[in-house]
Each structure stands twice: as structure tokens, then as C-alpha cells.
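Ready for some practice in reading a protein model? Work through each exercise with the structure open beside you, and try every task before you look at the solution.

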Amino acid sequence: MHILNAGSHTIDLATPCVMGIVNVTADSFFDGGRLDVDAAIDHARRMLDDGARIIDVGGESTRPGARAVDAEEELRRVLPVVAALARDGACVSIDTMKPAVMRAALDSGAAIINDVRALQAPGALDVAAASNAAVCLMHMQGEPATMQHAPAYRDAVTEVRTFLARRAAACVDAGIGRDRIVIDPGFGFGKTVAHNVELLRGLDAFAALGYAVLVGLSRKSMLGAIAGRDVDERLAASVAAALAAAVRGARILRVHDVAATVDALAVWNAIEPWPAVQMREQAQQ
Ligand code: 7PJ
């Protein structure tokens, strides 16, 4: 089975799919974000036309040094966007660390909780368990404000994989089925360029855990470091990274550039088989 169950949506992950990023923020690192709700909705609808399977809506930037936003302000930004897209029938993911925002977004029709803190905030796991939404558990070393100061691992792949396996097990213990769980190594979240490369090269070890793997590499600074490009010149590098991840078993690609990524996947799809990643079935719990 290669299925992700997310609220009323059943997402076929036999081939990789694309999650389009919509930032309703003032200070996101690439597209600057859009505080204008209508512009954010239009942008998301274009991504859906371009082939995005999921739209990830965020109202608080997690980039290093970004300003924190309180729950009320975050909700004011994201809820109208979540509600409009959910009304369209889109599969909407809410990118937040706050349980109150998770709950309100689910009430407005979100089908996936995407949490860079892997549901470790008090109450977050309970919100997810009380719903039928899917969850994306991401690894981060440290805190957004300081995570890039001195990231250190003995063995990045082993440490990150162990953390994600533990968080996924906590979800299963709380009653969240494996068919609702997504794991993500968290590229750029408390990692040097060398750590990120190591994690991407070792991505099959994450896929082998039996949960759907999501990666977010789009326009990130590691690609700037490798290609020597500013953020607005990282399209080709981002598409290459997305393909490299998909070949190693990633099944959800979180990107800004939906059309280009969908095209690249279509070409690969026509030529090469995707690795048969083993998603564990519920019966095996
Ligand atoms: C990620 C994310 C990521 C998941 C951001 C950016 C920075 N959520 N939210 N994975 N990155 N799951 O958009 O580059 O890598 S915010």
C-alpha cells in the first residue's frame, strides 16, 4: 500500500507528489510571503492548476532569526486561506508549531498538520490524535533563532532517523495510524551544508522506516552554497534536489516551483521506475 490518509483525502504515493508552499507571512526567505489573503489564495489555486496535490499554508516564518508571531495573528493570516482552499476541495496542510492554530485550521478544513517541532509542544499530539488528519513530523536541532549557529551530530542520518522513529512511535501510541504519518529530516533546520548533503544521500534509510517521507529543499541555502546562486536563481538546483530525493524514496516534495517540479517528475516517471518504498500497513502495527 502506498496511501496517505489525510482527513477526507486519500493520497496515492505510488509515485511522488508535489506540495506547493503558500506563505502568508511578511518575511519568508524566498517569495517574501503574501500578507494579502486573496493573493495567497490565487497563488495556491495556480499551484493546484500546475499539478500540486497538497497546499501547505504557513503564517509564521521559521527561517533563522525570523520574528515570532502570536497565535491570534497567525490565525488571522492562515484561516481564510485554509478555509477557501478546503472549500475548493483541495488537500490543505497547515504549517504551524502551535496546537491552537492546528485545531482551528483542522476545524476550517485542513487535512494535514505540518509541524517543524514534530508535535512536541504540549497538547499538539492530542490535537492530532483527536482528528483524522495526517501529520508531518519534522526534525529540527535547536530553535529557529539559533539553530544555524553550531549544528553538530555524531552521525546525522542515525540521529535524525532515531528521532523521527521515536516521534512516529509516539503518534502510533496516541492512536494515529501509520497511514496518517509522514516523516521529514528537516533540511536546513539545525544542519550544516555537509549535514544536509549527508541526509539527502542517506534518504533511503528514512524511507525504510515505512512511513511516507516528505522533503523540503526548495530554494534553501544549502542549494545556494552548492550552486553558488542567490535565492531567486535556485530553480534548477531545487528541481535537481527534488528529483534526487524522489529517487531515494521521498514521496512528497514541498516546493515553491510547482510546475517545474511536476514536469521533472513526469519525465522521470516516463523513463525510470520509482523505488518501491515499503509503507507499513495498519495491520502490522
Ligand atoms: C520545511 C517546512 C521543511 C517541512 C519550512 C522553507 C522554510 N516544513 N517548513 N519541511 N521548511 N515539513 O520553506 O524553506 O523542510 S519553512
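A search of the whole structure, which is a predicted model, finds nine salt bridges. Let's begin with some of them.

**Exercise 1. Find which salt bridges arginine 254 forms with aspartate 56 and aspartate 95, and where the partners lie.**

*Step 1.* Side chains of opposite charge can pair when their charged atoms come close. The side chains of aspartate 56 and arginine 254 meet with 2.9 Å from N to O.

*Step 2.* Now place these two in the chain. Aspartate 56 belongs to strand β4 (residues 54-58) and arginine 254 to strand β10 (residues 252-255), so the pair, 198 residues apart, links distant parts of the chain.

*Step 3.* Arginine 254 also forms a salt bridge with aspartate 95, with the closest N and O atoms 3.3 Å apart. Aspartate 95 sits in strand β5 (residues 91-95), 159 residues from arginine 254.

*Step 4.* Put the pieces together: Asp56, Asp95 and Arg254 are linked in a network of salt bridges. Aspartate 56 and arginine 254 are both buried, and aspartate 95 is buried too.

**Exercise 2. Describe the salt bridge between arginine 76 and glutamate 73.**

*Step 1.* Check the distance: the closest N and O atoms are 3.0 Å apart.

*Step 2.* Locate the residues. Both lie in helix α2 (residues 71-88), three residues apart, which is about one turn of the helix.

*Step 3.* Look at accessibility. Arginine 76 counts as exposed because its relative accessibility is 56%, over the 50% cut-off. Glutamate 73, at 22%, counts as partly exposed.

**Exercise 3. Explain why cysteine 17 is in no disulfide.**

*Step 1.* A disulfide is a covalent bond between the sulfur atoms of two cysteines. The sulfur atoms must lie within 2.5 Å to count.

*Step 2.* The closest cysteine sulfur to that of cysteine 17 is in cysteine 91, 8.5 Å away, so it is too far for a bond.

*Step 3.* Cysteine 171 is in no disulfide either: the nearest cysteine sulfur, that of cysteine 136, is 10 Å away. The structure holds zero disulfides.

**Exercise 4. Describe the aromatic pair of tryptophan 268 and tryptophan 274.**

*Step 1.* A pair of aromatic rings is described by the distance of the centres and the angle of the planes. Here the values are 6.3 Å centre to centre and 35 degrees between the planes, and the pair is tilted.

*Step 2.* Compare accessibility: tryptophan 268 is partly exposed at 28%, whereas tryptophan 274 is buried at 11%.

How values were computed
Residues are numbered from 1 along each chain as its sequence is written. This is a predicted model: local features need pLDDT of at least 70, side-chain atom pairs count only at pLDDT 80 or more; totals for chains, interfaces and linings use all residues. Side-chain values use heavy atoms; hydrogens and water are left out. Rings of Phe, Tyr and Trp (its six-membered ring) pair if their centres lie within 6.5 Å; planes under 30 degrees apart count as stacked, over 60 as edge-to-face and the rest as tilted. Buried means under 20% relative accessible area, exposed over 50%, partly exposed in between (1.4 Å probe, protein chains only). A salt bridge is a side-chain nitrogen of Lys or Arg within 4 Å of a carboxyl oxygen of Asp or Glu. Helices (H or I, at least four residues) and strands (E, at least two) are DSSP runs, numbered from the N terminus.
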